[in-house]
Amino acid sequence: MLLARIFAMIEQQSEQKKEELFNQFSNFCSRSSEDCTSLEDKLGSEFGQRLEHLRELMAACFPNATITRAWLTPTGFQWLFTMVAVNGQGVGTSVFSQWVENVSKQFDGNEEIDSQIDSIYEKLMNHSGCEFLNNEGSALYRLQSSCNHNCLPNAEIKFPYSNFVLNLVALKDINAGDEICISYMEEDLLERGRGTRSNYLRRNYYFTCTCDKCQSQLEDPESESETSMSVDSDEED
Ligand SMILES: [Zn+2]
């Protein structure tokens, strides 16, 4: 749906605007063939066929495509798909997640409350069949997508107005010239060992983290539970 919207959004513009918008999308990071191979590993052997089918359908929907025709070739479509997969940001405006955040702040460290919240999330997930319960959609943000990951981030993403407006909020003092980094993983995963984090980042974002925290943990042995947790987290995605 997001792909169709991108095509339509560009094609409906005036000629001059089309190029401007097309270039904005083209500036997002994506390495089509490499990322696509990883997606195929993750989403199954039929992924390539399904993607090709989706490309054919999209081409049929936009027979008079002008500038976006470049994305209707097999390579161009792979680039577009992986660009959205890598850069798509969940829009965190779920009312329930805001309630959880407020309650967690008020009862910080209360195990009973934590386990009750986990249990509600589990029930919601079983009922909806969806893991991304805190998100109400996915969107592309030009500036936010240029923030690199760090396992000790100095900023975080917030949706304070309960809409699609994203805020990048500092978690500590940031000096002029310092890189602004966010975390690409949930907080609980961020607290796990280097191997687990590394595994998650490789499978989902196709890079190996070399942040200060990862460097300082290079010699740390991975425990049995870390190894099994890493497998679990991979399967969940
Ligand atoms: Zn790291």
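**Chatting through a predicted model**

Me: Leaving aside its neighbours within four places in sequence, what is glutamine 13 in contact with?
Reply: Glutamine 13 is in contact with Lys18 and Leu21, once those neighbours within four places are set aside. Keep in mind that this is a predicted model.

Me: OK, and where is glutamine 13 found?
Reply: Glutamine 13 sits in the loop between H1 and H2.

Me: How many other C-beta atoms lie within 10 Å of glutamine 13?
Reply: There are 15, so glutamine 13 is partly exposed. A buried residue would need 20 or more, and an exposed one would have 12 or fewer.

Me: Let's look at the two helices around that loop. At what angle do H1 and H2 pack?
Reply: About 150°, with the axes of H1 (residues 2–11) and H2 (residues 15–26) 8 Å apart. H1 and H2 are therefore roughly antiparallel to each other.

Me: Which residues make that contact?
Reply: From H1 you have Ile6, Met9 and Ile10, and from H2 there are Lys18, Leu21, Phe22 and Phe25. Sorted by type, the residues of this contact are 6 nonpolar, no polar and 1 charged.

Me: New topic: where does arginine 142 lie?
Reply: Arginine 142 is in the loop between strand E2 (138–139) and strand E3 (148–149).

Me: Is arginine 142 buried or exposed?
Reply: It counts as exposed, because arginine 142 has 11 C-beta neighbours inside 10 Å.

Me: How many residues apart along the chain are arginine 142 and phenylalanine 28?
Reply: They are 114 residues apart along the chain, yet their C-alpha atoms are separated by 7.2 Å.

Me: What about the largest nonpolar core, which residues are in it?
Reply: The largest nonpolar core has 6 residues: Trp71, Phe77, Trp79, Leu80, Phe81 and Met83. One of them, leucine 80, touches Leu3 and Trp71, if you don't count residues up to four places away in sequence.

Me: And what share of the chain's residues is buried?
Reply: Buried residues make up 13% of the 237 residues in the chain.

Me: How many helices and strands are there in the chain?
Reply: The chain has 11 helices and 6 strands.

Me: Last thing: where is confidence lowest and where is it highest?
Reply: It's lowest in helix H11 (residues 224–236), at a mean of 45, and highest in strand E6 (residues 181–182), at 96. Over residues 227–237 the pLDDT is below 50, and that stretch has 15 contacts in the model beyond near neighbours in sequence. For the chain, the mean pLDDT is 84, with 86% of residues reaching 70 or more.

How values were computed
Residues are numbered from 1 along each chain as its sequence is written. This is a predicted model: local features need pLDDT of at least 70, side-chain atom pairs count only at pLDDT 80 or more; totals for chains, interfaces and linings use all residues. A nonpolar core is a set of buried Ala, Val, Leu, Ile, Met, Phe, Trp, Tyr and Cys residues joined through C-beta atoms within 7 Å. Two residues are in contact if their C-beta atoms, placed from the backbone, lie within 7 Å. pLDDT is the predictor's confidence in each residue, from 0 to 100. Helices (H or I, at least four residues) and strands (E, at least two) are DSSP runs, numbered from the N terminus. Axes are lines fitted to C-alpha atoms, for helices over the stretch in contact, and angles run from 0 to 180 degrees between N-to-C directions. Angles under 35 degrees count as roughly parallel, over 145 as roughly antiparallel, 65 to 115 as roughly perpendicular and the rest as oblique. Ala, Val, Leu, Ile, Met, Phe, Trp, Tyr, Cys and Pro count as nonpolar, Asp, Glu, Lys and Arg as charged, and the others, Gly among them, as polar.
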